[in-house]
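Here is a short note to read beside the model. Please keep the structure open and find each residue as it comes up.

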Amino acid sequence: MGRLADLLRRPAPGPTSLEHARDVGRRLARDGASVGEALRTLRAEEQARGREPRTEEVEALVEGWADTTLGHLHRLTCEDPLTGLATTAHLRTRVAEQRRAGVDLAQAHALVVVSPGGTEGDRPAHDSDSLGAALWGAALGERVRVVFGEETIAHTASGRVVVLALKDRRLEGLVALLRRLLLEDGYDVTTRVHPLPEGELELVLLLERLDGA
């Protein structure tokens, strides 16, 4: 009963103390600390003030640590967690794998690029509602997947959807079908086929341009 009475006598943690705990978790996660190290750091801080961390503060620290850590892991994975499409990092990996396998990329593949922004097609999407933009990108990606099936389909930071497509005699017809589907669905986009350059540097620069503004 003594421990319970002690907990009941403690004032409820305010928003400032909870936000501090979350900030400790975020900061230590960015520094690469484990959740155990983060908890020990919080406990040492609170013991220096003459008390133990409250349950709510521990939970806030873990939330801050987990949010930062998961955000970092999502950037490293092959799938964009919001759209379900491949990341541009995974697209680069797939291109590198093909090159290492001895595939002549310029002859065997092309990039089908669906760009938001009307007739010019080079203006990326700038939506202040990042969730709305992600949902739009996910829906667009699903329409692209209807046509290109199992090909690698990536969502870029600029809002483009990029397909690493086989460069065969079906490609022209598939692109025409995709354009028709997107037009019927009312998407304000431009669909283009980008040949893959021969040189590795030129290829890297192309992928970076598609990923950026």
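**Notes on the predicted model**

1. Start with D185. This residue is partly exposed, because its relative accessible area is 39%, which falls between the 20% limit for buried and the 50% limit for exposed. The model is a predicted one. D185 sits in a loop, with α8 (171-184) on one side and β4 (189-195) on the other. Now look for L140. In sequence, D185 and L140 are 45 residues apart. In space, their C-alpha atoms are 9.7 Å apart.

2. Next, take G84. It lies in the loop that runs between α4 (55-76) and α5. G84 is partly exposed, with a relative accessible area of 34%. Its partner for this point is G141. The two glycines are 57 residues apart along the chain. From C-alpha to C-alpha, G84 and G141 are 8.6 Å apart.

3. Step back to the overall plan. How many helices and strands does the protein have? There are nine helices and four strands. Read from the N terminus, the order of elements is α-α-α-α-α-α-β-α-β-β-α-β-α. The protein has 213 residues, and 37% of them are buried.

4. Now the salt bridges. Side chains of opposite charge can pair when their charged atoms come close. The whole structure holds 14 salt bridges. One of them joins R51 to E46, where the closest N and O atoms are 2.7 Å apart. Is E46 buried or exposed? E46 is buried, because its relative accessible area is 3%, under the 20% limit. R51 is partly exposed, at 24%.

5. Stay with R51. Its side chain also meets that of E57 in a salt bridge, at 3.0 Å from N to O. E57 has a second bridge to check, this one with R54, at 3.5 Å from N to O. Both E57 and R54 are buried. For E57, the relative accessible area is 1%. Which residues do shared partners join into one network? They are E46, R49, R51, R54 and E57. Please trace this network on the model, starting from E46.

6. Turn to the surface. L82, L131 and L135 make a nonpolar patch of about 310 Å². Pick out L135, one of the three leucines in this patch. L135 belongs to helix α7, which covers residues 130-148. Why does L135 count as exposed? Its relative accessible area is 52%, and exposed means over 50%.

7. Last, look inside. The whole structure has two cavities of 30 Å³ or more. The largest cavity holds about 50 Å³ of space. Which residues line the largest cavity? The lining is made of T88, L91, R92, T156, V162, L207, L210 and D211. Two helices each give at least two residues to this lining: α5 (88-100) and α9 (200-211). By class, the lining has four nonpolar residues, two polar residues and two charged residues. As an exercise, sort the lining residues into these three classes.

8. To check your reading, return to three places. Find the D185 loop, between α8 and β4. Find L135 in α7, as part of the nonpolar patch with L82 and L131. Then find R51, which has salt bridges with E46 and with E57.

Technical notes: Residues numbered from 1 in each chain as written. Predicted model: local features only at pLDDT ≥ 70, side-chain atom pairs only at ≥ 80, totals over all residues. Heavy atoms only, no water. 1 Å grid on protein atoms, 1.4 Å probe; cavity = no way out; pocket = protein on both sides within 12 Å on 5 of 7 lines; lining within 4 Å. Points joined across faces, edges and corners; volume = space filled by probe spheres on them. Nonpolar A, V, L, I, M, F, W, Y, C, P; charged D, E, K, R; others polar. Patch = residues over 30% accessible without salt bridge, like charges linked within 9 Å, V, L, I, M, F, W, Y side chains within 5 Å. Areas by Shrake-Rupley, 256 points an atom, 1.4 Å probe, with all protein chains shown as cover. Salt bridge = Lys/Arg side-chain N within 4 Å of Asp/Glu carboxyl O. Buried < 20%, exposed > 50% of the residue type's maximum accessible area, 1.4 Å probe, protein only.
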